[in-house]
Amino acid sequence: MDMLTTPSRVIPAATYHRERWRNGLGWTREILRLPEQGDWQLRLSIAEIEQDAAFSAFPGVERELVLLEGEGLRLRFADGRCETLLPPYQRLRFAGEDALTGELVDGATRDFNLMWRRADLHAELLHRPLVGSMLFFSEPQAAWAIHLLAGQAGFEDAALPPLQAGDTAWLGAGERRRFTLTGGGELLAIRVTPAGG
């Protein structure tokens, strides 16, 4: 899992790459893809949904969607399931193979999108308030991605720039190391490990 050892860095929101969905029905701002070249195994992005639209299929991929902005997003699955994501920050995990349509509850939404190839990786997404300090430990088989939803924060013990709302930090796997994040706000923290690990 060499990609998990990608060096730690902060990815400012202003640098996210904006591109059309594969089906042309929406926009995505890509935050991170690993590996950076070729077929990705881990991808973080923000979807901009301006109209009711079918979601692209991603066979072999697990997905977790978090409502960032807007009045809500209804996910209508081909098998009859219906789940509605409401503010603030409701989320849902589902299989990339699932056929579904996103329906806007009342106007456009922005949605955090975590995707990983289930045969290779396992990802766990946590939504947490940040009040004071929070510790994250990188390990030989564990990396973290931290997306700051609101507020501001900085790492006390790492040569990384501070985080503003909307920025993302990648803490690469490697020798066990403690990262102390200090500030105030809310964040999404994603722990990434090899599948079966």
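Biologist: Which strand gives the most to the lining of the largest pocket?

Modeller: That is strand 4, with three residues. Please keep in mind as we talk that this is a predicted model.

Biologist: How many residues line the largest pocket, and which of them lie nearest its centre?

Modeller: The lining has 17 residues, and W21, R22, T28, R43 and F58 are the ones nearest the centre. Strand 2 (17-20), strand 3 (27-34), strand 4 (42-49), strand 6 (61-69) and strand 11 (109-117) each give two or more residues to this lining. The volume of the pocket is about 260 Å³.

Biologist: What classes of residue make up the lining of the largest pocket?

Modeller: Eight nonpolar, three polar and six charged residues.

Biologist: Let's turn to burial. Why is V61 called buried?

Modeller: Buried means under 20% relative accessible area. V61 has 0% relative accessibility, so V61 counts as buried. You will find V61 in strand 6.

Biologist: What is V61 in contact with, once its neighbours within four places in sequence are left aside?

Modeller: The list is W40, A95, G96, E97, M115, W116, R117 and R118. Take A95, which sits in strand 9 (residues 91-95). A95 and V61 are 34 residues apart in sequence, yet their C-alpha atoms are 6.3 Å apart in space. Seen from its own side, and again without neighbours within four places in sequence, A95 is in contact with V61, E62 and R118. There is also A119, 58 residues from V61 along the chain, with 8.3 Å between the two C-alpha atoms.

Biologist: What makes F136 and W144 an aromatic pair that is edge-to-face?

Modeller: Two cut-offs settle that: ring centres must lie within 6.5 Å, and planes over 60 degrees apart count as edge-to-face. For F136 and W144 the centres are 5.1 Å apart and the planes are at 70°, which fits the name edge-to-face. In total the count comes to five aromatic pairs.

Biologist: And how do you know that F136 and W144 are buried?

Modeller: The cut-off for buried is under 20%. F136 has a relative accessible area of 3%, so F136 is buried. W144 is at 11%, so W144 counts as buried too.

Biologist: Which residues have the most contacts inside the largest nonpolar core?

Modeller: They are I31, L42, L44, F112, L114, W170 and I190, in a core of 28 residues. Strand 3, strand 4, strand 6, strand 11, strand 12 (121-138), strand 13 (143-155) and strand 16 (177-194) each give two or more residues to this core. Apart from it lies another core, of 18 residues, with M134, W144, L163 and L181 among them. As general background, nonpolar side chains tend to be buried together in soluble globular proteins.

Biologist: What does I31 touch, not counting residues up to four places away in sequence?

Modeller: I31 touches I11, Y16, L44, S45, I46, F112, H147 and T168.

Biologist: Why is S138 called buried?

Modeller: The relative accessible area of S138 is 2%, and the cut-off is under 20%, so S138 is buried. S138 lies in strand 12. Residues up to four places away in sequence aside, S138 touches G172, G174, E175, R176, R177 and F179.

Biologist: How do you know that A153 is buried?

Modeller: A153 has a relative accessible area of 7%, and under 20% means buried, so the word applies. A153 is in strand 13. Its contacts, not counting residues up to four places away in sequence, are L130, L148, P162, L163, L181, T182 and G183. The C-alpha atoms of A153 and Q164, 11 residues apart along the chain, are separated by 6.7 Å.

Biologist: Where are the cis peptide bonds that join L34 and P35, and P87 and P88?

Modeller: For the bond between L34 and P35, omega is about -10°, and P35 is in the loop between strand 3 and strand 4. For the bond between P87 and P88, omega is about -5°, and P88 is in the loop between strand 8 (82-85) and strand 9.

Biologist: What is notable about the phi of Y89?

Modeller: Y89 has a positive phi of about 65°, although Y89 is not a glycine. Y89 is in the loop between strand 8 and strand 9. At 15% relative accessibility, under the 20% cut-off, Y89 counts as buried.

Technical notes:
Residues numbered from 1 in each chain as written. Predicted model: local features only at pLDDT ≥ 70, side-chain atom pairs only at ≥ 80, totals over all residues. Heavy atoms only, no water. Helix = DSSP H or I, 4+ residues; strand = E, 2+ residues; numbered from the N terminus. Contact = heavy atoms within 4.5 Å. 1 Å grid on protein atoms, 1.4 Å probe; cavity = no way out; pocket = protein on both sides within 12 Å on 5 of 7 lines; lining within 4 Å. Points joined across faces, edges and corners; volume = space filled by probe spheres on them. Nonpolar A, V, L, I, M, F, W, Y, C, P; charged D, E, K, R; others polar. Core = buried A, V, L, I, M, F, W, Y, C linked by side-chain atoms within 4.5 Å. Buried < 20%, exposed > 50% of the residue type's maximum accessible area, 1.4 Å probe, protein only. Phe/Tyr/Trp six-rings, centres within 6.5 Å; stacked < 30°, edge-to-face > 60°.
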